[in-house]
Amino acid sequence: MNLNLEALQNKIVPVANKVQSNTYLSSIMDGMSGLLAPILVGAIATLLNNLPFEPYQAFLETIHIKPYLAVATNFTTDIIALFAVFLVAYNLVRKFDMDGVIPGVYAIVCFLVLTPLAQVEVDGEMTNFISFEWLGAAGLFVAIILGLVVGRLYVAIVRKGLIIRMPEGVPPTIQRTFAGLVPGFIIVALMLIVKAIFNVTPWGSVHAVIYTFLQTPLQNLGGSIWALLLAMFVVHLLWLFGIHGMLVVLSVMMPIWISLDLQNLEAYQAGEPLPNIVGLAFVMVYILLGGSGATLGLNLLMLFRAKSQRFKTLGKLAIPAGICGINEPIMFGTPIILNPIMAIPFILSPLLCALVAYIVTAIGIVPPLMGANVPLGTPIIIIALLQGSWKFAVLEILLVIMTIFIYYPFFRIADNQAYAQEQGEEQPAEA
């Protein structure tokens, strides 16, 4: 068994490390992580504006606050692609040891250049404006691709020396501004050429092409239960070999899952049926119950059912963090890594949580999550209530109970071994 584990580890670890350390994937991951704060603000504003409680809605109408809550959503989740293009370009350029602010701004400029204008008639004249159509979830993949392209072009141009150099003594801010002028002219000019090319195609814009041929197929694939189960299997298999599997998988899946959540948020705001079951919110609420491996159930077994002093102590120390979805004490204190006893429940628990939650949602017992992405560390139940219904919290509790039963026989084996070891160490001391 040890030889097989070692051989498997030698094959898996190098591949996982390459994915996790890839400059472009890590830039996307860092950029998407930066979106969680504005998404949460917009989600809370949407939730407050649309709670299905008639007296509450009447109160909002009385104090005339609904339009202002809508504005908070408009300029957070509804323009999330603008934040994404800046953050991806910013993080990519920083990985090449350059300042990322100026290329991040150019990325926003290029995104707006490529975004088709809408028209409206004002006082008998046609006026151009930028609609929200491509600034939110629909423009997210264009934002990611453009952030990478603009960031990499900026780095290449600067490395070629095509910059304006200022004499010594000029303030650093002015130096950076002038250094970015030539790259900015080149990058914006290239984007204007791209816009002109796509304007004569049947689709009319880069946004329509990317959304039709890339974003929609990837969302359909990534939003399926099979893709979710495969992703969760890879996450927990990597964890067993000491690799933070969620970081590896999120570098690939995070853009897909966030775009699915944003579609749900937009539908929730509009009062329409929520289109997606799977998303990052689904993973955070129903699968990471206590952290990777849904280890809150194991933590509760240690706290209330352990015979060994080792697991009793670990259960007490780990429970505050476990309630908040942080399970490093359990991961390394049990340990779960390279532990064949705990490997089966560690992989099986999150897979069953995902499958049960998906089925319960698909058949209509609970509604889909509204898609609010909350920060890591939000306690269980609270993270569910922020999705807009008490039913999510009840389902969370039931899933935790299920994981307790899954972990129990394996925990008894580990606990009995630890207890026997402790008894063996105490006997010489008593003698």
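**Note on the two largest pockets**

1. H13 supplies the largest share of the lining of the largest pocket, namely four residues. Helices are DSSP runs (H or I, at least four residues), numbered from the N terminus. This is a predicted model, in which local features need pLDDT of at least 70 and side-chain atom pairs count only at pLDDT 80 or more, while totals for chains, interfaces and linings use all residues. Residues are numbered from 1 along each chain as its sequence is written, and side-chain values use heavy atoms, without hydrogens and water.

2. The largest pocket (on a 1 Å grid over the protein atoms alone, an open set of points where a 1.4 Å probe fits, with protein on both sides within 12 Å along at least five of seven lines) is lined by 35 residues, each with an atom within 4 Å of a point. Met246, Met284, Leu288, Gly325 and Leu376 lie nearest its centre. Two or more lining residues come from each of helix H2 (23–33), helix H3 (36–50), helix H13 (245–270) and helix H14 (280–287).

3. The space in the largest pocket, filled by probe spheres set on the points, is about 580 Å³. Its lining comprises 23 nonpolar, ten polar (Gly among them by definition) and two charged residues (Asp, Glu, Lys or Arg).

4. The second largest pocket contains about 230 Å³ of space. Of its 13 lining residues, Leu230, Ala231, Val249, Val252 and Met253 lie nearest the centre. Helix H11 (206–222), helix H12 (225–240) and H13 each give two or more residues to this lining.

5. H13 also provides the largest share of the second lining, with five residues. That lining holds twelve nonpolar residues (Ala, Val, Leu, Ile, Met, Phe, Trp, Tyr, Cys or Pro), one polar and no charged.
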